[in-house]
Amino acid sequence: METRIPTDILRKTDDGVTCFEIESLRFPITDVTQYVLFDAEEIKQRQSVFRDILTHPELLEKYDALRQKVDDLSEFYRKSGDDRDNESIVYSIIKIQLFTDIIDYVSEVLYPLCEDKTIKSQSMIDLTLACVKISREKTYGNVKSWLCNIDSNLKGIKSITIGANLDAQLNVSEIGVASFNTSPYVGGGVVNTLFRDETPDDKYVCMISLGVSETKKLLGRSIVSINHELFNAMNTVFKSSLKKIRADIINMYKKDIVALSGLKDDLTYIIKTAQYMLYIKEKGGCLTFPTVGEEQNITGLYNPNLLIKAEMTEIVSNDVKMDENNRIFVITGPNSGGKTVYLDSIGLAQLFFQLGLPVPAVSAEMKPLKTIASLYVRNVTVNNGRLADEVGRLKECLDHISRDSLLLLDETFSSTSAFEGVFLAESLIKYLSDIGCYAVYVTHFHELSQRLTELNREEKYNIHMLTADNENGKRTYKIVPYHGFDSEKSLAREIVIENGLGFLFD
């Protein structure tokens, strides 16, 4: 039987999209790289899933209930071959109801929400309609009815009737299970069984019992081992019959069960990311679904990680403009002025967008990129030192960089001297400019600004220099165009005072 259930709710990334060290951006949800998209239409479809939830937050609870049911079904299917004894097989048959529970839940709870347009996402509508179609099939109704009465059908079994076919010489030629019975059999003897007036309604009566004690009296001690073999054979027949029942039901819907089980990761991703988005809204953060365009034009961008800090009462936002003529940006300025926070916010916005999520901004037009890469300073203990580690990571990153890439660099080459660092940084920026990728480079190398000013005089380079602004020695956390050395005044005195060493200036 062909599967009717969609094999995924959310399309996964293809090999054309690369994420490099995006964990540096401190996105609180792990294992999301498989959900990063490049295709514009797929991004729009993904957005519709989260737009439904942000518009109707009550959907989150319903999707979470579905996820839990799918999780239970997935666990059941994974263990469905664990046949320790007959009882475990019976209970595994009972658990096939996990499949019918999902079909009924989607049909009865989610389908009405599709009809009233609460759910507009096409992928969720496709899943719902597939489940509704199954629920309306006559075969499904019969299976569901049998499973609903499974207590009397299987759990209440007290005996089975074994049927034996005889050949012309009255020798047994074939044996099989004739019926499952809800009462144990009782021995009545040949005369009582054949000639009594009536048979009790609640008992199954046999003429000759083949129990151990009875056969021992009839045939002597030597028959006991044969008797045990017979019982073992009968148990095997019974166990095989139970397994056949389970296999027949599972095989009837196997592809649909497998497809539903496979939705576990998609639903988990939806729940976790939607919870995070709703948390941002609850904390007062603004969210917007970007339109898909040919440039990066974001207004009112902020870093959502700042919302987690209880002391943050007001978050400063900035704008981002990247297009054909604005691709390489270098940000200098004083410590703790907001440079890295701004860098993070750009990376998170691009990641959110290509995950199909709203971005933390007032408005946005964004372009899908094939590579999202971040290279941040990190502590290392390798013998070669921090610079060697950094260069190795940079080489690996640059192997994946193309024109349709975003590269975020934080203090790259800061582990060497300022003289060497400026030379290496300039060489890297020229290389990235030749590639034509989008890049944002945060650095403390103030001398780099003068070098890049001279470099921009060459017609082939168009490097934009920004700085973390301050007014009268106070941070504004605004990222503004670089206006010469005056815009780079240090905030070191302010930082020293804030951290308890103000007495040095008394």
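This section describes a mixed sheet, a buried asparagine and a nonpolar surface patch in a predicted model.

Four strands make up an open sheet, arranged in the order β6-β10-β7-β8 with mixed pairing. Its edges are formed by β6 (291-292) and β8, each of which pairs on one side only. Strand β7 (residues 296-301) runs antiparallel to β8, and four bridges join the two. Across this pair of strands, I298 is positioned opposite V320 in β8.

Strand β8 (318-322) is connected to β9 (328-332) by a loop that contains N326. The relative accessible area of N326 is 17%, and this residue is therefore classed as buried, the cut-off being under 20%. Two polar contacts involve the side chain of N326: one, of 2.6 Å, is made with the side chain of D323, and another, of 2.8 Å, with the side chain of H464. When neighbours within four places in sequence are set aside, the residues in contact with N326 are K321, Y438 and H464. H464 thus appears both in this set of contacts and as a side-chain polar partner of N326.

A nonpolar patch on the surface is formed by L166, L170 and V172, which together present about 310 Å² of accessible area. Of these residues, V172 is located in strand β3 (residues 172-181). V172 has a relative accessibility of 51% and so counts as exposed, a class that requires over 50%. The buried N326 and the exposed V172 accordingly fall into opposite classes of accessibility, as defined by these cut-offs.

How values were computed: Residues are numbered from 1 along each chain as its sequence is written. This is a predicted model: local features need pLDDT of at least 70, side-chain atom pairs count only at pLDDT 80 or more; totals for chains, interfaces and linings use all residues. Side-chain values use heavy atoms; hydrogens and water are left out. Patches are made of residues with over 30% relative accessible area and no salt bridge: like charges are joined within 9 Å, nonpolar side chains (Val, Leu, Ile, Met, Phe, Trp, Tyr) within 5 Å. Accessible areas come from the Shrake-Rupley method with a 1.4 Å probe; for residues, only the protein chains shown count as cover. A salt bridge is a side-chain nitrogen of Lys or Arg within 4 Å of a carboxyl oxygen of Asp or Glu. Buried means under 20% relative accessible area, exposed over 50%, partly exposed in between (1.4 Å probe, protein chains only). A polar contact is a pair of N or O atoms within 3.5 Å; within protein, one must be able to donate a hydrogen and the other to accept it, and residues adjacent in sequence count only if both atoms are side-chain atoms. Contact means heavy atoms within 4.5 Å. Two strands pair if DSSP finds at least two bridges between them.
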